[in-house]
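Colleague: Could you take a close look at one buried or exposed spot in this model for me, and then follow the packing and the empty space outward from there?

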Amino acid sequence: MAKKSSRESKPAKQRRTAKGGTEDLLTGSLAPADLRARSVEEEIGTEVRRLRKGLDLTVAELGAAAGISAGMLSKIENGSISPSLSTIGALAKALNVSISSLFAESDERRDCSFVKAGQGVRIERRGTKAGHLYDLLGHSLAGDIGVEPFLITLKQDALPYTNFRHVGVEFIYMLSGKVRYRHADRTYLLEAGDALFFDAAARHGPEELIKAPMEYLSIIIYPRR
């Protein structure tokens, strides 16, 4: 029996080098044995450390600016803990960068954002002064399309505000209460379970606050520039 050539005797995982197909998502026996992908926690820590040093800040100085202890910041930079979305937001603000930039070093990233109940990041937006509260429930990490999911709560003393206007499209799903919502030259009565999807370039917003408590989910989708 003829001997197999040395090329034919190599393991399958050494022969398959195609890029861009399912071979890039190898598992089991085809997974590279000598290459460990860095975790998201390690990637965030590396980027935080790089940005901190670029600003010539100590761990204690950045921790104080972000409202976290120096010990926790050290663990974040070492990738030994998984920071919450609110902590990531505080660090991004202290470093004067966007949240997504803290994930910039990820090569094999797959978008995923998890937020525990009640732990969304409170955001200041145009309607905040009118008593509209915005809790950011997640964020898209990369790609050509940006997505911002908000839980919007209208306080008891909230005021109507119909001058929202921004790029992209917006989807609203009413969770509780009753609101008359304006989009361009039309209004819509929204109650729990109702949905509204519209071009966000037209002026829009709650025109009449009818029944409290008023909460709705707002998902804004827009092209990144």
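**The close look**

Modeller: Happy to! Thr87 counts as buried because its relative accessibility is 14%, where buried means under 20% with a 1.4 Å probe. Please keep in mind that this is a predicted model, in which local features need pLDDT of at least 70 and side-chain atom pairs pLDDT 80 or more, while totals for chains, interfaces and linings use all residues. Residues are numbered from 1 along each chain as its sequence is written, and side-chain values use heavy atoms, without hydrogens or water.

Thr87 sits in helix α5 (helices are DSSP runs of H or I with at least four residues, strands are E runs of at least two). Beyond its neighbours within four places in sequence, Thr87 touches Ile68 and Ile76, a contact being heavy atoms within 4.5 Å.

Ile76 leads us on to a helix pair, since Ile76 in α4 also takes part in the contact with α2. The axes of α2 (residues 40–54) and α4 (residues 70–77) come within 7 Å, crossing at roughly 115 degrees (lines fitted to C-alpha atoms over the stretch in contact, with N-to-C angles from 0 to 180 degrees). On the α2 side you will find Glu41, Gly45, Thr46, Val48, Arg49 and Arg52, while α4 brings Leu73, Ile76 and Glu77. By class, this contact has 3 nonpolar, 2 polar and 4 charged residues.

Back to α5, and on to the empty space. The second largest pocket holds about 330 Å³ (a pocket is an open set of 1 Å grid points with protein on both sides within 12 Å along at least five of seven lines, and lining residues have an atom within 4 Å of a point). Helix α5 (85–95) and strand β3 (145–154) are the elements that give two or more residues to its lining. Of the 18 lining residues, Ile99, Leu136, His139, Glu148 and Tyr222 lie nearest the centre of the pocket. The pocket lining splits into 8 nonpolar, 6 polar and 4 charged residues.

There is also 1 cavity of 30 Å³ or more, meaning a space where a 1.4 Å probe fits but cannot get out. The volume of the largest cavity is about 90 Å³. Strands β4 (169–183) and β7 (204–223) each supply at least two of its lining residues, with the largest share, 4 residues, coming from β7. Among the residues around the largest cavity are Arg125, Tyr134, Phe164, His166, Glu170 and Ser218. Its lining counts 7 nonpolar, 3 polar and 2 charged residues.

Notes. Points joined across faces, edges and corners; volume = space filled by probe spheres on them. Nonpolar A, V, L, I, M, F, W, Y, C, P; charged D, E, K, R; others polar. Buried < 20%, exposed > 50% of the residue type's maximum accessible area, 1.4 Å probe, protein only.
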